[in-house]
Amino acid sequence: MRRRTSAIGLAAAAVLVPSLLVGCGLTSGSPMVDDVTPGTVGKGRPLEGADLTVTSKEFTEQLILGQITGIALQAAGAKVLDRTGIQGSIGAREAVKSGDADLMYEYTGTAWITYQGNTEPIDDPRKQWEAVREADKENGLTWLPPSELNNTYALAMNQANAKKYKTKTLSDVAALAKSDPKAVTLCVESEFASRNDGLPGMQKEYGMSVPPANITKMDTGIIYTQAAKGTCTYGEVFTTDGRIKAMDLTVMEDDKRFFPNYNAAPEINTDSLKEFPEIADVLAPITAKLNNDVARELNARVDVGGEDPHSVALDWMVAEGFVKEN
């Protein structure tokens with residue numbers, strides 16, 4: 001028996017400008033009403049009769065993943081309430097934990113560090129997921145296998161600077177900072193500038209020394225613009241952000257694997273999964289298809305192209321053959 005308190009119907013203006021969702025504390029919503037049938041997922045409609053609630057955080061990638069999840073569950077026969085767009089990480093997780101929602105895509109690094117209170121990430125992505133899965137059993141949460149989608153930190157630069165300095169890895173950036181200190185200027189968020197899993201830790205791990213005068217703190221959106229313009233040689237970015245593709249930025253490889261793994265994986269209320277174990281099979285092929293290239297393309301359609309996250313999700317699900325639209 002599902003105890004569900006609805007979901008979010010995204011206002012058109014908020015969809016076109018996802019940042020408007022921040023701070024709204026969205027907790028209400030509406031049923032999903034897509035006219036979809038099984039493609040490669042949901043055959044036999046194994047979730048017929050199930051009432052399920054999907055949730056997510058408020059940023060673009062999460063909205064898209066939430067819509068993808070809801071569309072898949074509908075194709076499998078479930079009635080789905082859309083509660084995507086909850087502000088902040090904790091609110092969405094607590095909704096799944098309490099049973100107010102059944103499932104969401106969550107990030108392994110967020111769970112390991114933010115929720116489970118660890119300070120040192122696990123280098124191997126699979127072992128990171130296994131540790132998160134084991135730790136969350138006592139919280140009434142079950143983690144299904146992770147995707148390759150890894151929304152973690154990175155440094156990126158425009159094509160002109162990439163050709164000029166020829167750096168491809170963070171080790172290359174550290175070497176450049178040593179040989180030509182003036183060449184390495186950074187645009188970063190204030191939080192990244194102070195986090196142990198951000199700039200201070202990165203510099204320590206790579207033996208990188210960037211003078212404070214070469215580091216400019218600014219809001220996330222501005223960083224991408226300034227890196228694209230070349231105002232700063234390197235900008236702090238998130239590896240699945242659609243603006244990387246749209247602005248033709250080159251991402252530096254984290255060759256020492258310093259940054260935590262933030263692989264997206266389905267996080268499900270354990271009681272819900274026990275009642276509807278078919279959820280795992282419905283989501284498995286979708287999770288297997290998700291990677292950074294897919295995320296960047298879909299995110300860019302929303303953040304740069306101004307498209308509706310739901311429409312983007314549905315287009316992708318149909319194009320991949322996961323569902324059919326009537």
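**Entry 1: the cavity**

I began with the lining of the largest cavity and sorted its residues into 7 nonpolar, 1 polar and 1 charged. I noted for myself that the model is a predicted one. I then listed the lining by name: E61, I64, L65, I68, L149, L290, A295, L298 and N299. How much space lies in this largest cavity? I read off about 40 Å³. I also looked up the count of cavities of 30 Å³ or more, and it came to 1.

Next I asked which elements give two or more residues to this lining. I found α2 and α14, the latter running over 292–303. The most comes from α2, which I credit with 4 residues.

**Entry 2: the cores**

I moved on to the nonpolar cores. The largest one has 52 residues. I wrote down those with the most contacts inside it, namely L47, L73, I279, I286, W316 and M317. Which helix supplies the largest share of this core? I found that helix α2, residues 60–75, does so with 7 residues. I therefore met α2 twice, as the element that gives the most to the cavity lining and as the source of the largest share of the core, under the element definition used.

I picked W316 for a closer look. Setting aside its neighbours within four places in sequence, I found W316 in contact with I68, I286, K289, L290, V294, L298 and F322. I also recorded a second, separate core of 26 residues, with A183, L186, I215 and Y234 among them.

**Entry 3: D241**

I located D241 in the loop between β10 (234–238) and α11 (242–246). Is D241 buried or exposed? I class D241 as buried because its relative accessible area is 10%, and the cut-off for buried is under 20%.

I then looked for the partners of D241. Leaving out neighbours within four places in sequence, I found Y224, R296 and N299 in contact with D241. With Y224 there is a polar contact between the side chains, at 3.1 Å. I had already met N299 in the lining of the largest cavity.

**Entry 4: the second largest pocket**

I finished with the second largest pocket, which holds about 400 Å³ of space. I noted 17 lining residues, of which T119, E120, P121, N196 and F258 lie nearest the centre of the pocket. Which helix gives the most to this lining? I found helix α9, residues 199–206, with 4 residues. I sorted this lining too, and got 5 nonpolar, 4 polar and 8 charged residues.

Key. Residues are numbered from 1 along each chain as its sequence is written. This is a predicted model: local features need pLDDT of at least 70, side-chain atom pairs count only at pLDDT 80 or more; totals for chains, interfaces and linings use all residues. Side-chain values use heavy atoms; hydrogens and water are left out. A nonpolar core is a set of buried Ala, Val, Leu, Ile, Met, Phe, Trp, Tyr and Cys residues joined through side-chain atoms within 4.5 Å. Buried means under 20% relative accessible area, exposed over 50%, partly exposed in between (1.4 Å probe, protein chains only). Contact means heavy atoms within 4.5 Å. On a 1 Å grid over the protein atoms alone, a cavity is a set of points where a 1.4 Å probe fits but cannot get out, and a pocket is an open set with protein on both sides within 12 Å along at least five of seven lines; lining residues have an atom within 4 Å of a point. Grid points are joined across faces, edges and corners, and a volume is the space filled by probe spheres set on the points. Ala, Val, Leu, Ile, Met, Phe, Trp, Tyr, Cys and Pro count as nonpolar, Asp, Glu, Lys and Arg as charged, and the others, Gly among them, as polar. A polar contact is a pair of N or O atoms within 3.5 Å; within protein, one must be able to donate a hydrogen and the other to accept it, and residues adjacent in sequence count only if both atoms are side-chain atoms.
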